[in-house]
Amino acid sequence: MTERANKSSGRVAFQLEEQVAHLLRRAHQRASSLFINQLSTHHLTPTQFFAMARLHEKGRLSQNLLGRETAMDPATIQGVIQRLNEKGYIRRTPDPMDRRRMVLELTESGQGVVQSLIEGAIQVNDEVIAPLDDLERNEFIRLLHKVT
């Protein structure tokens, strides 16, 4: 266990450098900094890029499904969609099967932006895991999937 009991007092010692939340925050901070640098030319946030990347990958999706596909709550995805729509990167149209539901798709401009950023996103991914060897990289990704 990462927390050690102090034998004389029976207390558990707290060591910040061994706390999962702290380590994940530091890793996230590093990855986000690298990623935000890649996105800055298009004035996108990571959440906006991830929504666009999922639409690029899957095609047309409802706003609700896009939120679930990108692990964003309804309020967050609504704001992301509004900003992407204002930038002209996505199009919102009523679902022909259910006019109450909006269907989202990338515009031609949005497709171009995503395609121009994908290589940079891959480079950021590679840079984040660069300190790991191939076996460690695979295990790290596997473990991240397990805890998310």
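1. Two strands count as paired if DSSP finds at least two bridges between them. Strand E4 (residues 90-95) and strand E5 (residues 98-106) run antiparallel and are joined by 6 bridges. They make a hairpin, with 2 residues between the strands. One of the bridges involves Asp95, whose partner in E5 is Asp98.

2. The model is predicted: local features need pLDDT of at least 70, side-chain atom pairs count only at pLDDT 80 or more, and totals for chains, interfaces and linings use all residues. Residues are numbered from 1 along each chain as its sequence is written, and side-chain values use heavy atoms, with hydrogens and water left out.

3. The protein has 6 helices and 5 strands (DSSP runs numbered from the N terminus; helices are H or I of at least four residues, strands E of at least two). Their order along the sequence is β-β-α-α-β-α-α-β-β-α-α. With a radius of gyration of 20 Å, well over the 15 Å of the globule rule for 148 residues, the protein is more spread out than a compact globule (C-alpha atoms; the rule is 2.2 Å times the number of residues to the power 0.38). Along the principal axes, the C-alpha atoms fill a box of roughly 70 × 30 × 25 Å.

4. The hairpin belongs to an open sheet of 3 strands, in the order E3-E5-E4, with antiparallel pairing. Strand E3 (61-62) and E4 are at the edges with a single partner strand each, so each has one side without a neighbour in the sheet. E3 is held against E5 by 2 bridges, again in the antiparallel sense. Here Leu61 faces Leu104 in E5.

5. Of the 148 residues, 26% are buried (under 20% relative accessible area; exposed is over 50%, partly exposed in between; 1.4 Å probe, protein chains only). The exposed area of the protein is about 10300 Å², and 54% of it comes from carbon and sulfur atoms (Shrake-Rupley method). Among contacts with a separation of 6 or more, 47% link residues 24 or more positions apart (contact: heavy atoms within 4.5 Å).

6. Side chains that carry charge number 20 positive and 18 negative, and the centres of the two sets are 6 Å apart (Lys and Arg are positive, Asp and Glu negative; His and the chain ends are not counted).

7. Gln48 is part of helix H2 (residues 46-58). Is this residue buried or exposed? Gln48 is buried, with a relative accessible area of 3%. Leaving out residues up to four places away in sequence, Gln48 touches His43, Val80, Arg83, Leu84 and Lys87.

8. His43, one of the residues that Gln48 touches, sits in the loop between helix H1 (20-39) and H2. In contrast to Gln48, which is buried, His43 is exposed, with a relative accessible area of 63%. The phi of His43 is positive, about 55°, although His43 is not a glycine.

9. Ala71 also deserves a look. Its phi is near 60°, a positive value in a residue other than glycine. Where does Ala71 lie? Ala71 is in the loop between helix H3 (63-69) and helix H4 (74-86). Ala71 is exposed, with a relative accessible area of 73%.

Definitions and conventions:
Accessible areas come from the Shrake-Rupley method with a 1.4 Å probe; for residues, only the protein chains shown count as cover. The place of a charge is taken as NZ of Lys, CZ of Arg, CG of Asp or CD of Glu.
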